[in-house]
Amino acid sequence: MTMIKLSPKALPVSDPRKDKDDKTATLFGIRFSTVDTDGLVDTLAEEAVPRGAGLRLLVTANVDHIVNLRRNERFREAYRFAWRAVIDGTPVFLYARLRGLALPGKVTGSDLFPRLIARLEPGVHRILLVSPTEDTSRRLYERLQQMGFTDHIVMTAPPAFEDDKRFARWLIAAARRQQTTHLILGLGAPKSEIWMHEHARQLPDCYGMALGAALEFYAGTKQRAPVFMRRAGIEFLWRVICEPRRLARRYFVSSWSFFRAIAEDLRGKTLPRP
């Protein structure tokens with residue numbers, strides 16, 4: 001079956017040889033974009049992915065990402081494939097600042113998602129969201145419908161979606177049929193980034209993002225940390241309080257490997273290569 005590659009109406013197609021944000025800062029061997037949240041939203045909303053460019057994967061690094069990158073080769077490959085990398089987590093951002101990197105601030109998925117959705121236009125952009133629960137999917141669908149979107153798709157991922165070939169075929173077929181412009185997975189790392197990287201050639205020309213709990217915060221099925229905790233950089237404590245069985249080990253045991261990553265980075269040793 002031949003698929004016709006379409007660009008969103010009224011959107012300029014960006015030149016793949018040029019990019020508004022061509023400044024990067026390197027940390028852990030990763031080239032991080034120096035764009036702020038507003039600048040990134042501008043690009044995602046105003047520039048269509050060029051025909052034939054395929055998936056443009058955005059990765060948002062936090063401590064859990066850095067820890068997983070040290071031991072997961074498939075995750076490292078997804079990062080190398082990524083169109084752009086930004087810093088999400090406070091510890092990663094503070095370390096970048098200590099290293100003197102010129103970064104304007106964090107770009108958190110939970111802040112990026114609502115700003116991006118507010119900028120996308122019905123009839124111009126085609127959104128495909130994948131959430132972890134039926135309740136979240138229903139609420140997201142209804143909210144986008146209220147905003148005027150009529151060709152949006154919201155799917156609920158099955159358990160262990162990353163190994164479910166039937167779901168993969170279904171999701172890819174839906175994205176190609178819709179000619180998705182923005183594919184956003186709210187299913188957690190590193191499985192979301194790996195899935196998008198390994199299926200990139202089957203997906204249409206679009207932006208791909210794995211934004212974790214951002215979809216649930218937006219839908220109201222999870223409560224985000226109070227503003228003062230976000231500003232203080234301790235939002236992770238709120239998440240542990242809300243989901244101790246799932247997150248306590250991640251934040252209080254596995255995350256210690258982050259300090260080993262810092263030590264290796266200070267010695268000039270980058271993330272392992274395959």
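**Exercise 1. Which residues does Thr24 touch, not counting residues up to four places away in sequence?**

Before we start, a word on the material: this is a predicted model, in which local features need pLDDT of at least 70, side-chain atom pairs count only at pLDDT 80 or more, and totals for chains, interfaces and linings use all residues. Residues are numbered from 1 along each chain as its sequence is written, and side-chain values use heavy atoms, with hydrogens and water left out.

Step 1. Find Thr24 in strand E1 (residues 24-27). Strands (E, at least two residues) and helices (H or I, at least four) are DSSP runs, numbered from the N terminus.

Step 2. Look for contacts, meaning heavy atoms within 4.5 Å. Thr24 touches Arg31, Phe32, Ser33 and Thr34.

Step 3. Take Thr34 from that list: its C-alpha atom is 5.5 Å from that of Thr24, although the two are ten residues apart along the chain.

Step 4. Check the accessibility. Thr24 counts as partly exposed at 37% relative accessibility (buried is under 20% relative accessible area, exposed over 50%, partly exposed in between, with a 1.4 Å probe and protein chains only).

**Exercise 2. Describe how helix H2 packs against helix H3.**

Step 1. Recall what to report: two packed helices are described by the angle between their axes and the distance between the axes. Axes are lines fitted to C-alpha atoms, for helices over the stretch in contact, and angles run from 0 to 180 degrees between N-to-C directions.

Step 2. Read off the values. H2 (residues 63-71) and H3 (residues 73-81) pack at about 115°, and their axes are 6 Å apart.

Step 3. Name the arrangement. H2 and H3 are therefore roughly perpendicular to each other (65 to 115 degrees; under 35 is roughly parallel, over 145 roughly antiparallel, and the rest oblique).

Step 4. List the contact residues. H2 contributes His65, Asn68, Leu69, Arg70 and Arg71, while H3 contributes Glu73, Phe75, Arg76 and Tyr79.

Step 5. Sort them by class: the contact of H2 with H3 has three nonpolar, two polar and four charged residues. Here Ala, Val, Leu, Ile, Met, Phe, Trp, Tyr, Cys and Pro count as nonpolar, Asp, Glu, Lys and Arg as charged, and the others, Gly among them, as polar.

**Exercise 3. Which parts of the chain does the salt bridge of Asp38 with Arg115 link?**

Step 1. Start with the count: the structure holds twelve salt bridges (a side-chain nitrogen of Lys or Arg within 4 Å of a carboxyl oxygen of Asp or Glu).

Step 2. In the pair Asp38 and Arg115, the closest N and O atoms are 3.0 Å apart. Asp38 sits in helix H1 (residues 37-46) and Arg115 in helix H5 (residues 109-119), so the pair links distant parts of the chain, 77 residues apart.

Step 3. Compare a second pair: Arg119 and Asp42 meet in a salt bridge of 2.8 Å, N to O. Arg119 lies in H5 and Asp42 in H1, so this pair also ties together parts that are 77 residues apart in sequence.

Step 4. Add the accessibilities. Asp38 is partly exposed at 45%, and so is Arg115 at 39%.

**Exercise 4. How many residues separate Arg139 and Asp135 in helix H6?**

Step 1. Locate the pair: Arg139 and Asp135 are four residues apart in H6 (residues 134-146), which means they are separated by about one helical turn.

Step 2. Give the distance: their closest N and O atoms are 3.3 Å apart in a salt bridge.

Step 3. Widen the view: Asp135, Arg138, Arg139 and Glu142 are linked in a network of salt bridges.
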